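Student: I have a structure to go through. Can you help me read it?
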Amino acid sequence: MKKKRLLSGIRPTGSLHIGHYLGVLCNWAKLQNEHECFYFIADWHTLTTKYKDTSELQSDILEVAKDILSSGVDPNKSTIYVQSAIPEVAELHLLLSMVTYQNWVERDPTLKDMVRMLAEDEEKAKEEVTYGLLGYVVLQTSDILSVLGELVPVGKDQVAHLELSRDIARRFNHIYKTNLLPEPKSLLTETPSVPGVDGRKMSKSYGNDIKLEDSEEVASKKVLQMITDPKKIKRTDPGNPEDCQVAYKHYEIFADKKTLDVVQDECKTAKIGCVDCKKRLAGIMNSYFHEIRERRVSFKNDKDILEILDAGNKKARQVVRHTLEQVRDAMKLKTW
Ligand code: TRP
Ligand code: SF4
């Protein structure tokens, strides 16, 4: 059976954390064995909110590329590229914007979340919305349709997005009497919620994240900062893993059943203190990420990374150019 084309992108927010790995990158590495995968670094998407200070954008792209490759995404199996290296994606964005109703983009629920991120005050936040941000779902649709992507791995919260992508594809096909554009389907993927060491959502901006690029030493120090059951103060106080919102949550993600049983028992009967318990956790997490970190330090030379991206960009651009020729043709535009 012919493999289906799958597409996914990630914003270059700088070096990625273990939440990104569990939610995105490890799925990418798995999916490349089942589908024809296109994975890209969404630098234009970053600009929809962070367009003023772009001084770190290029180094962020490189760091994210290193994280993608260390996570086992293989450039021989998948096409790994940078969004802005394919100008035809922007052309598709323009053309699709013509058939996309304004109220479709305004209705997008995730837009509301993004607006909320722009400023505390809702009214102020609304004033901050640019034309580019309003259109980012159309840009996302262009990413997908530019490679004629049929499958898009998403978490539950992003299913609404794809609904809009399907609406746009369907409307294009209907107006121009073609079946060129596929209606992309979402592929629901496991995205465990990973708390940061302070109990809030793990995020670079909160400074509570454990990065793939962290050395084992740095990572262990961060694990020791994780909050635990507030009732277990002294080593001799019994605790409850259910109330240990961060450290035990990480045990549940990374440890096997047998270890979890041991932790439950030792915590509840005060056989262990939180410091020792977290030291053990750090060991488990470090061995989980050992191979990825080894690979990451092996990418010392930025030139090697740029070469891999270059090759991916070329491959992706060829596919996208072909799509755009067909899109122009359907719209009676000439390819000059
Ligand atoms: N919007 C996604 C994010 O913010 C990144 C992204 C851009 C994407 N285009 C996409 C994901 C297309 C899947 C498909 O992380
Ligand atoms: Fe959490 Fe372990 Fe401390 Fe129990 S002993 S509260 S599981 S860190």
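Student: How far is a polar side-chain atom of H45 from a nitrogen atom of ligand 1?
Tutor: The two atoms lie 3.4 Å apart. That fits the cut-off for a polar contact, a pair of N or O atoms within 3.5 Å. Keep in mind that this is a predicted model, where local features need pLDDT of at least 70, side-chain atom pairs count only at pLDDT 80 or more, and totals for chains, interfaces and linings use all residues. Residues are numbered from 1 along each chain as written, chains are lettered from A and ligands numbered from 1 in written order, and side-chain values use heavy atoms, without hydrogens and water.

Student: And D143, how far is its polar side-chain atom from a nitrogen atom of ligand 1?
Tutor: 2.8 Å. For Q140, an N or O atom of the side chain is 2.8 Å from a ligand 1 nitrogen.

Student: Which elements give two or more residues to the shell around ligand 1?
Tutor: β1 (5-10) and α9 (136-146). Helices (H or I, at least four residues) and strands (E, at least two) are DSSP runs, numbered from the N terminus.

Student: New topic. Which residues of α11 are buried?
Tutor: In α11 (residues 216-224), they are A219, K222 and V223. Buried means under 20% relative accessible area, exposed over 50%, partly exposed in between (1.4 Å probe, protein chains only).

Student: Why do they line one face of the helix?
Tutor: Seen down the axis of α11, they fall within an arc of 100°, so they line one face. The arc uses directions from the helix axis to the C-beta atoms.

Student: What is exposed on the other side of α11?
Tutor: E217 and K221.

Methods: A polar contact is a pair of N or O atoms within 3.5 Å; within protein, one must be able to donate a hydrogen and the other to accept it, and residues adjacent in sequence count only if both atoms are side-chain atoms.
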